[in-house]
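Biologist: Please take me through this model one question at a time. I would like to learn how to read it.

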Amino acid sequence: MPYAKTVLTDADVQRVVDRIAHQILEKTQGAQDVVLMGIVSRGVPLARRLAERISAFEGLSLPVGALDITLYRDDLRQQAVRKVGHTEEPPGGVDGRRVILVDDVLFSGRTIRAALDALSDLGRPGVVQLAVLVDRGHRQLPIRADYVGKNIPTALTEKVRVKLAEIDGTDEVQLEAA
């Protein structure tokens, strides 16, 4: 029987973003030489929110970019035709810098593998890290997040649906059964 359960409310999402921003500041010695790269689509507004929160906490202005991975996906031929998104290189580029990839959900790891390939076409970062709003497990590749908002154990038949105000008009994370 299908169901949808809210696992993060609007207030929870804001609190989780604040926590990730604090973790970034702690683990990067005050976000020195950090660049945030949001993975299209919901990773981009999350990266911008993280930059805003870090600015509010420390007064730093972090460069933010957008990374479209569509053409780097290993399932491109298996899915319906997808519109190619927009990659936006952050001011100052990525060469030699600490790049933090930002995405909404970490699942199999295949999106992040594609993001690493796309990022290598932009330049050669000194360090690459990963920040995700939700880690749901079930990895197929040896990839882990450095910054995790919430771990949500799931069944393979369940879906994690992230809604963000910038795209969906509201902030919420739901666990849905197929």
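Modeller: Let's start with vocabulary: helices (H or I, at least four residues) and strands (E, at least two) are DSSP runs numbered from the N terminus, and the expected span of a helix is 1.5 Å times one less than its number of residues. This is a predicted model, so local features need pLDDT of at least 70 and side-chain atom pairs count only at pLDDT 80 or more, while totals for chains, interfaces and linings use all residues. Residues are numbered from 1 along each chain as its sequence is written, and side-chain values use heavy atoms, leaving out hydrogens and water.

Biologist: How far apart are the end C-alpha atoms of helix H1 (residues 10-27)?

Modeller: H1 has 18 residues, so at 1.5 Å a residue it should span 26 Å. The model agrees with that, since its end C-alpha atoms are separated by 26 Å.

Biologist: Which residue just after H1 takes a positive phi?

Modeller: Within H1, residues including Val 13, Val 16, Val 17 and Ile 20 are buried (under 20% relative accessible area with a 1.4 Å probe on protein chains only; exposed is over 50%, partly exposed in between). Just past the helix, a positive phi of about 50° belongs to Gln 29.

Biologist: Which element supplies the largest share of the largest nonpolar core?

Modeller: A nonpolar core is a set of buried Ala, Val, Leu, Ile, Met, Phe, Trp, Tyr and Cys residues joined through side-chain atoms within 4.5 Å. The largest has 31 residues, and Leu 36 and Val 173 touch the most other members. Elements that each supply at least two residues include strand E2 (34-39), helix H2 (43-58) and strand E8 (172-177). The largest share, seven residues, comes from H1.

Biologist: Which residue just after H2 takes a positive phi?

Modeller: H2 has 16 residues, so it should span 22 Å, and its ends agree at 22 Å apart. Its buried residues include Val 44, Leu 46 and Leu 50, and the buried residues of H2 pack against H1 and E2, among other elements. Just after H2, a positive phi of about 75° belongs to Gly 59.

Biologist: Is Ala 145 buried or exposed?

Modeller: Ala 145 sits in the loop between strand E5 (127-135) and strand E6 (147-151). Leaving aside neighbours within four places in sequence, Ala 145 is in contact (heavy atoms within 4.5 Å) with Leu 106, Leu 130 and Val 132. Because its relative accessibility is 13%, Ala 145 counts as buried.

Biologist: Which element gives the most to the lining of the largest pocket?

Modeller: On a 1 Å grid over the protein atoms alone, a pocket is an open set of points with protein on both sides within 12 Å along at least five of seven lines, a cavity is a set where a 1.4 Å probe fits but cannot get out, and lining residues have an atom within 4 Å of a point. The largest pocket holds about 960 Å³, where points are joined across faces, edges and corners and volume is the space filled by probe spheres set on them. Of its 35 lining residues, those closest to the centre are Arg 73, Asp 103, Asp 104, Val 105 and Thr 111. With five residues, the most comes from E7.

Biologist: How much space lies in the largest cavity?

Modeller: The count comes to one cavity of 30 Å³ or more. Val 17, Ile 20, Leu 46, Leu 50, Val 102, Asp 103, Val 132 and Leu 133 line the largest cavity. Its space is about 50 Å³.
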